[in-house]
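Let's take a friendly walk through a protein and the spaces inside it. Please have your viewer ready, since the tour moves from a bound molecule to the pockets and then to the backbone.

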Amino acid sequence: MKSKILSVLREADGYISGQQLCEELGVSRTAVWKVIEKLKSEGYEIEAVRNRGYRLVESPDVMSKAEIESLIETTWAGNTIQYFPEVDSTNNYAKRVGDETGGHGTLIVSDKQTAGKGRRGRVWESPAGSSIYMSLLLKPDIRPDQASMLTLVMAQSVAKAMREMANVDAKIKWPNDIVLNGKKVCGMLTEMTMEMDYIQSVVIGVGINVNTKHFPKELSHATSLYLETGNIVKRSELIAETMRQFEYYYGKFVEEGDLSGIQEEYNSLLVNRDRDVKVLEPSNEYQGHALGINEMGELIVKKEDGEFVRIYAGEVSVRGIYGYV
Ligand code: ATP
C-alpha cells in the first residue's frame with residue numbers, strides 16, 4: 001500500500017484529498033493517515049492541508065521496496081523487486097532466487113553488500129547509504145554464446161539512464177564499465193547458470209557509485225555521480241530509469257538476436273573508440289587501435305602489425321595506453 005500511495009501522490013501533481021486516496025486504494029482514512037505518518041518518518045516531506053488534502057513536497061534519496069516500486073514504469077524489467085538493507089552479493093542472491101521460483105525480470109536491490117564481487121574474483125567496494133547494488137534476473141531464450149551481449153545491453157542502458165537523470169557525459173569502457181571524465185562510476189558482472197547445454201538463467205549485477213563522497217585510496221580511478229556533478233541523485237529514480245532503458249534495448253536485442261539494433265548507439269558512447277588501447281588477456285597483453293564493436297558485441301582492434309582482431313568480452317580487460325581509459 002505504501003508504494004501505491006507514493007505513486008498516487010506523485011501522479012497527483014498537487015493536492016489529493018484523503019477521501020480520494022481512500023477510494024483509489026479501497027482503505028479507511030485512518031489507514032491512509034498511518035501510511036502518511038510512516039512515510040514522513042522515513043524522510044518524505046508530505047504537506048497536509050485541511051480541505052485540500054495531501055501533497056508530496058519532496059522525497060529524499062530513500063531506497064526501499066515501496067519507493068522503487070512506486071517509480072518503476074516497465075512491463076517486465078524490475079516488475080518484482082526484492083529489497084535488502086544488506087546482502088552478501090546481489091548476484092549471489094539473484095542466482096539463489098533464479099534457482100527457485102524467481103521469474104524473468106526480478107530485480108534484487110541492496111543498500112550494502114558485504115561481499116560485493118567484480119570480474120575474476122575481484123572485490124566490488126560496497127558501502128551503505130550512497131550507491132546502487134542491483135542484480136537483474138533474466139530467463140532468456142538465447143544460446144550461451146549470446147549471453148555476454150546482455151552485459152553490453154545493460155551497459156548502454158545504465159549510460160543512457162545516467163545521462164537522462166544526472167545530465168552527465170556517461171561513456172562506456174568496453175565491455176561493461178561506465179566512466180565519467182575518465183573515471184569508473186559503474187561496474188557490472190554477468191553470471192550465467194547452465195542446465196545441460198541451455199541457459200537456465202542470467203544474472204546481470206550492476207554497481208553504481210551514486211552519492212559516494214570518498215573512496216579508499218586504492219580506488220584512485222573511481223568516481224561517483226555526486227563527485228562529478230556536485231548534485232545528489234535519487235537512487236530509486238536512477239534504478240527505475242535504468243529498468244526503463246533496459247526493457248527498451250533488450251527488446252531490440254531480442255528482435256535481432258544480436259546487437260545490430262543498438263551497435264551504432266553503443267559505439268557512439270564508447271570511450272575506447274578510435275583510441276589506442278592495451279588489451280589484457282589472462283596470459284597475453286598487446287596494444288592496438290580500438291575501432292568499435294561489431295553486431296556480436298566483440299571489440300574490433302587493429303593491432304600494431306596491421307592485423308584486425310575481434311575481442312570477445314569474456315576474461316579480457318581493455319585499458320588506455322597510459323591509464324584506465
Ligand atoms: P577493469 O577494466 O577496470 O579491470 P573489470 O570489468 O575487469 O574492469 P570489475 O570486475 O568491473 O573490473 O570491477 C572490479 C574492479 O573495480 C576492482 O578490482 C577495483 O579496482 C574496482 N572497484 C572496486 N570497487 C569499486 C567501486 N565501488 N567503484 C569503482 N571501482 C571499483
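What follows is a tour of the ligand, the empty spaces and two backbone details. Keep in mind that this is a predicted model.

A good place to start is the ligand. There are 18 residues around the ligand, and those that come nearest are Arg119, Arg122, Lys173, Asn209 and Arg319. Sorted by class, this shell holds eight charged residues, along with five polar and five nonpolar ones.

Which atoms does the side chain of Arg319 bring to the ligand, and at what distance? A polar side-chain atom of Arg319 lies 2.6 Å from an oxygen atom of the ligand. Arg120 takes part too, with an N or O atom of its side chain 3.0 Å from a ligand oxygen. Asp177 adds a polar side-chain atom at 3.2 Å from an oxygen atom of the ligand. As for how much of the ligand is covered, on its own the ligand exposes 640 Å², and the protein buries 92% of that area.

Now look at the space that holds the ligand. The ligand occupies the largest pocket, whose volume is about 720 Å³. If you colour the lining, you will pick out 41 residues, with Gly118, Val123, Trp124, Lys184 and Gly187 lying nearest the centre of the pocket. Several elements each supply at least two residues of this lining: helix 5 (90-99), strand 5 (131-138), strand 8 (183-195), strand 9 (198-209) and strand 14 (317-320). By class, the lining of the largest pocket divides into 16 nonpolar, 15 polar and ten charged residues.

The next stop is the second largest pocket, with a volume of about 340 Å³. Of the 17 residues in its lining, Ser148, Thr151, Thr190, Ala313 and Gly314 are the closest to its centre. Two elements give two or more residues here, namely helix 6 (147-166) and strand 8. Which element gives the most to this lining? Strand 8 does, with five residues. Strand 8 is thus worth keeping highlighted: it is among the elements that supply at least two residues to the lining of the largest pocket as well. The classes in the lining of the second largest pocket are eight nonpolar, five polar and four charged residues.

What about enclosed space? Rolling a probe the size of a water molecule over the atoms shows where empty space is left. Searching the whole structure turns up one cavity of 30 Å³ or more, and the volume of the largest cavity is about 30 Å³. Its lining is made by Ser148, Leu152, Met296, Gly297, Glu298, Tyr312 and Ala313. Four of these lining residues are nonpolar, two are polar and one is charged. Two names in this lining may sound familiar, as Ser148 and Ala313 are also among the residues closest to the centre of the second largest pocket.

Finally, the backbone deserves a look. Most residues other than glycine have a negative phi, and most peptide bonds are trans. Against that background, the peptide bond from Trp174 to Pro175 is cis, with omega near -5°. You can find Pro175 in the loop between strand 6 (171-173) and strand 7 (177-180). Is the phi of Asn181 positive or negative? Asn181 has a positive phi, near 50°, and is not a glycine. This residue sits in the loop between strand 7 and strand 8.

Terms used:
Residues are numbered from 1 along each chain as its sequence is written. This is a predicted model: local features need pLDDT of at least 70, side-chain atom pairs count only at pLDDT 80 or more; totals for chains, interfaces and linings use all residues. Side-chain values use heavy atoms; hydrogens and water are left out. A residue is near a molecule or strand if one of its heavy atoms lies within 4 Å of it. A polar contact is a pair of N or O atoms within 3.5 Å; within protein, one must be able to donate a hydrogen and the other to accept it, and residues adjacent in sequence count only if both atoms are side-chain atoms. Accessible areas come from the Shrake-Rupley method with a 1.4 Å probe; for residues, only the protein chains shown count as cover. On a 1 Å grid over the protein atoms alone, a cavity is a set of points where a 1.4 Å probe fits but cannot get out, and a pocket is an open set with protein on both sides within 12 Å along at least five of seven lines; lining residues have an atom within 4 Å of a point. A molecule sits in a cavity or pocket if more than half of its atoms lie within 2 Å of its grid points. Ala, Val, Leu, Ile, Met, Phe, Trp, Tyr, Cys and Pro count as nonpolar, Asp, Glu, Lys and Arg as charged, and the others, Gly among them, as polar. Grid points are joined across faces, edges and corners, and a volume is the space filled by probe spheres set on the points. Helices (H or I, at least four residues) and strands (E, at least two) are DSSP runs, numbered from the N terminus.
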